[in-house]
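Hi,

Here's the structure I promised to pass on. Have a look at it first, and my notes follow underneath.

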Amino acid sequence: MAMKDLRHLFDANARWAEETVAVSPDFFQDLAAIQNPEYLWIGCSDSRVPANQITGLKPGEVFVHRNVANVVVHTDLNCLSVVQYAIEVLRVKHIMVVGHYGCGGVRAALKGSSLGLIDNWLRHIQDVRDRHAGLLDAIPDDEKRYDALCELNVVEQVRNVARTTLVGDAWRRGQSLTLHGWVYGLDNGRLHDLAVTMDADCDIEDVSRAATAAAAARYGAAG
Ligand code: CO
């Protein structure tokens, strides 16, 4: 086998396509004709956090954007274009920002490690760290503080999604759209809801504050 051709991936692909058609003969024709997902997943690029597998969703059921440490930056045209397309064309009903414990990006940001160009991207997470310095400093255990920042990053990124013009416009015109913040455990495969759920009727800052306070309570930090 010529490994430079990555033959094994094509073999696996052929098997998967055959097995899928064996179970559902029209699977690919149906999917090719229409994309109609109800969900937009904004997650980390980490290879251990695959959106479809974790949620049992099939191809066609979840629109996905992933970047290092699931960051939503107000001026990131890549992410904003995904959000716009998902809301205005696909008309997804839910957007979930999904972080994970053990996130290398969050760890690097917390420790201030230098990894090259990506340091600039991780500055956004250091902004989250600095915004919640009091809360984080009140957690004596290093690993717990790291877990807490993984959660707080999700809360902040849901807030960032909520504050985009795209979500604001959708809510103003009465489109059904709910935002969620989840965190995933690499060591047990479980998703946890961080209670940062937002819809048109919510106060973004109230929900963010409550979710932050809940995180503080979980880690025994007053904030
Ligand atoms: Co990560």
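Let me start in a loop: Arg91 sits between α4 and β3. This is a predicted model, by the way, so please read everything below with that in mind. Arg91 isn't a glycine, yet its phi is positive, at about 55°. Most residues other than glycine have a negative phi, which is what made me stop there. Arg91 counts as partly exposed because its relative accessibility is 47%, and the bounds for that class are 20% and 50%.

One residue that touches Arg91 is Gln175. You'll find Gln175 in the loop between α9 and β4. Is Gln175 buried or exposed? With a relative accessible area of 8%, Gln175 is buried. Leaving out neighbours within four places in sequence, the contacts of Gln175 are Ile87, Arg91, Val92 and Ala170. Just before Gln175 in the numbering comes Gly174, which follows α9 and has a positive phi as well, near 85°.

That brings me to helix α9 itself, which covers residues 165-172. Its buried residues are Leu166, Val167, Gly168, Ala170 and Trp171. And what do they pack against? The partners are three helices and a strand: α4 (77-89), α8, α10 (204-218) and β4 (178-184). Ala170 turns up twice in this part of the story, once among the buried residues of α9 and once as a contact of Gln175.

Now the metal. Which residues coordinate the cobalt ion? Cys44 and Cys103 do so through SG, and His100 through NE2, at 2.0 to 2.3 Å. Along the chain the donors follow the spacing C-x55-H-x2-C. The two cysteines tie together distant parts of the chain: Cys44 belongs to strand β1 (residues 39-44), while Cys103 is in the loop between β3 (94-100) and α5 (104-111), 59 residues away. Both Cys44 and Cys103 are buried.

Cys103 is worth a closer look. Its relative accessibility is 1%, so it counts as buried. Setting aside residues up to four places away in sequence, Cys103 touches Cys44, Ala69, Tyr146 and Cys150. There's also a C-alpha to C-alpha separation of 9.8 Å between Cys103 and Leu149, which are 46 residues apart along the chain.

Ala69, one of those contacts of Cys103, has its own oddity. It is found in the loop between β2 (62-67) and α4, and its phi is positive, near 70°, although it is a residue other than glycine. Where Arg91 is partly exposed, Ala69 is buried, at 0% relative accessibility.

On to the largest pocket, which holds about 170 Å³ of space. Which residues line it? They come in these stretches:

- Val71, Val72, Val73 and His74
- His124, Asp127, Val128 and Arg131
- Glu156, Gln157, Arg159 and Asn160

Two helices, α6 (118-131) and α8 (142-162), each supply at least two residues of that lining. The classes come out evenly, with four nonpolar, four polar and four charged residues. Note that α8 appears here as a contributor to the pocket lining and earlier as a packing partner of the buried residues of α9.

Two more residues towards the end of the chain. Cys202 has its place in the loop between β5 (191-193) and α10. Cys202 is partly exposed, with a relative accessible area of 23%. The C-alpha atoms of Cys202 and Lys93 are separated by 16 Å, and the two residues are 109 apart along the chain. In helix α10 there is Ala214, which counts as partly exposed because its relative accessibility is 31%. Ala214 and Val196 are 18 residues apart in sequence, and their C-alpha atoms are 9.9 Å apart in space.

Finally, the overall layout. The protein chain is divided into domain 1 (7-34) and domain 2 (37-218). How far apart are the centres of the two domains? Taken over C-alpha atoms, the distance is 31 Å.

That's it from me.

Cheers

Key: Residues numbered from 1 in each chain as written. Predicted model: local features only at pLDDT ≥ 70, side-chain atom pairs only at ≥ 80, totals over all residues. Heavy atoms only, no water. 1 Å grid on protein atoms, 1.4 Å probe; cavity = no way out; pocket = protein on both sides within 12 Å on 5 of 7 lines; lining within 4 Å. Points joined across faces, edges and corners; volume = space filled by probe spheres on them. Helix = DSSP H or I, 4+ residues; strand = E, 2+ residues; numbered from the N terminus. Nonpolar A, V, L, I, M, F, W, Y, C, P; charged D, E, K, R; others polar. Domains from an automatic or database assignment. Buried < 20%, exposed > 50% of the residue type's maximum accessible area, 1.4 Å probe, protein only. Contact = heavy atoms within 4.5 Å. Donors = N, O, S within 2.8 Å, 3.2 Å for Na, K, Ca; no water.
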